[in-house]
There are 2 protein chains.
Amino acid sequence: VKSLATLATELQATWHREIPLAAVMDVQIASCTDAELVVRAPLAPNRNLHGTAFAGSLFSLCALTAWGMTWLAWQQRSSGGVIVLAESRIQFRKAVAGELLCRCTAEPAVLDAALAAFATTGRAKLALACSIEANEKPAVTFEGHYVVHAHGR
Amino acid sequence: VKSLATLATELQATWHREIPLAAVMDVQIASCTDAELVVRAPLAPNRNLHGTAFAGSLFSLCALTAWGMTWLAWQQRSSGGVIVLAESRIQFRKAVAGELLCRCTAEPAVLDAALAAFATTGRAKLALACSIEANEKPAVTFEGHYVVHAHGR
């Protein structure tokens, strides 16, 4: 079984190798536990015409972080599966004028329930939330509904 | 007064010059009328690790297209304003395995009401919908709530 640190390194490498936008965004895993994943990206490649963070970069960072949280849980506790974002809601409350820092916190019970459903049926749904702060206030809130299914289904 | 075709050329140039992610995505305006804006992007720079379109690219394309629809309406009929995405909901129904083609259709009455509110108060809100099809079936549906405010407010 690989350590969480090893898996986090693999996750970041996978993003940079397989998803051109993630490479351009320069996403970097800042910290990682069983219950939380924090991913950062510099402002420069992610700016919009106002000089603040582009909504598409903020969404992409949230989508990657929640996907990564799910991927880490599956890699640690299961034999793998295909993770897909099915639906999402995002609110942009304040502009982000510096580094983008996204935090995804997952209740262990939510992950455990999804993993148990997956083990039984080969399919699971889970909802994950992410937030990005600016000057210690909530700037972006994201909720993503992910579906995990066994390979080939 | 500039023609719609001239404004569309300016819009695409602004995206490529001011938003690094839009340049990497290689977004191109496919067609443009007073009631509809269609924007395309090739799959290669927008792929994910499954070889289909990255959710972040699909969101970004929708957000740019609806923003562009608003920008064109403001450029044609008003003295300008700052357009910001406040909130959005997006559904990913099917994978997109080829070119990304995003269509934003706006009711003239919705744009007219927002422009009238802006003229009176210096502020307007409007909701715009975008869709991306795959094999002639809806693949992505996006709804964005935009706020337009006068410069400096």
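This report describes the sheet, the chain symmetry and two loop residues of a predicted two-chain model.

In this predicted model, local features need pLDDT of at least 70 and side-chain atom pairs count only at pLDDT 80 or more, whereas totals for chains, interfaces and linings use all residues; side-chain values use heavy atoms, with hydrogens and water left out. Residues are numbered from 1 along each chain as its sequence is written, and chains are lettered from A and ligands numbered from 1 in the order in which they are written.

**The sheet**

An open sheet is formed by 12 strands with antiparallel pairing, in the order β1(A)-β2(A)-β4(A)-β5(A)-β6(A)-β3(A)-β3(B)-β6(B)-β5(B)-β4(B)-β2(B)-β1(B). Strands (E, at least two residues) and helices (H or I, at least four residues) are DSSP runs numbered from the N terminus, and two strands pair if DSSP finds at least two bridges between them. The edges are β1 (28-32) of chain A and β1 (28-32) of chain B, each of which pairs on one side only. From one strand to the next, the twist averages 25 degrees.

Within chain A, β4 (residues 100-105) and β5 (residues 123-134) run antiparallel and are joined by 4 bridges. Thr105(A) stands opposite Ala129(A) in β5(A).

Two helices of chain A pack on the sheet, as tabulated below. Contact means heavy atoms within 4.5 Å; axes are lines fitted to C-alpha atoms, for helices over the stretch in contact, and angles run from 0 to 180 degrees between N-to-C directions.

| Helix of chain A | Strands touched | Angle between directions |
|---|---|---|
| α1 (residues 4-18) | β1 and β2 (36-41) of chain A | about 160 degrees with β1(A) |
| α4 (residues 108-121) | β5 and β6 (137-149) of chain A | about 155 degrees with β5(A) |

**Relation of the chains**

A turn of 180 degrees and a shift of 0.0 Å along the axis lay chain B on chain A with an RMSD of 0.0 Å, by least squares on the C-alpha atoms of residues with pLDDT of at least 70 in both copies. This is the relation of a two-fold axis. The C-alpha of chain B nearest the axis belongs to Arg89(B), 2.2 Å from it. Both copies use the same surface, since 100% of the contact residues of chain B recur in chain A.

**Positive phi in the loops**

Most residues other than glycine have a negative phi. Asn135(A), in the loop between β5 and β6 of chain A, has a positive phi near 50 degrees. Its relative accessibility of 72% makes Asn135(A) exposed, a class that requires over 50% relative accessible area (buried is under 20%, partly exposed in between; 1.4 Å probe, protein chains only). Glu136(B), in the loop between β5 (123-134) and β6 (137-149) of chain B, has a positive phi of about 65 degrees. With a relative accessible area of 74%, Glu136(B) is exposed.
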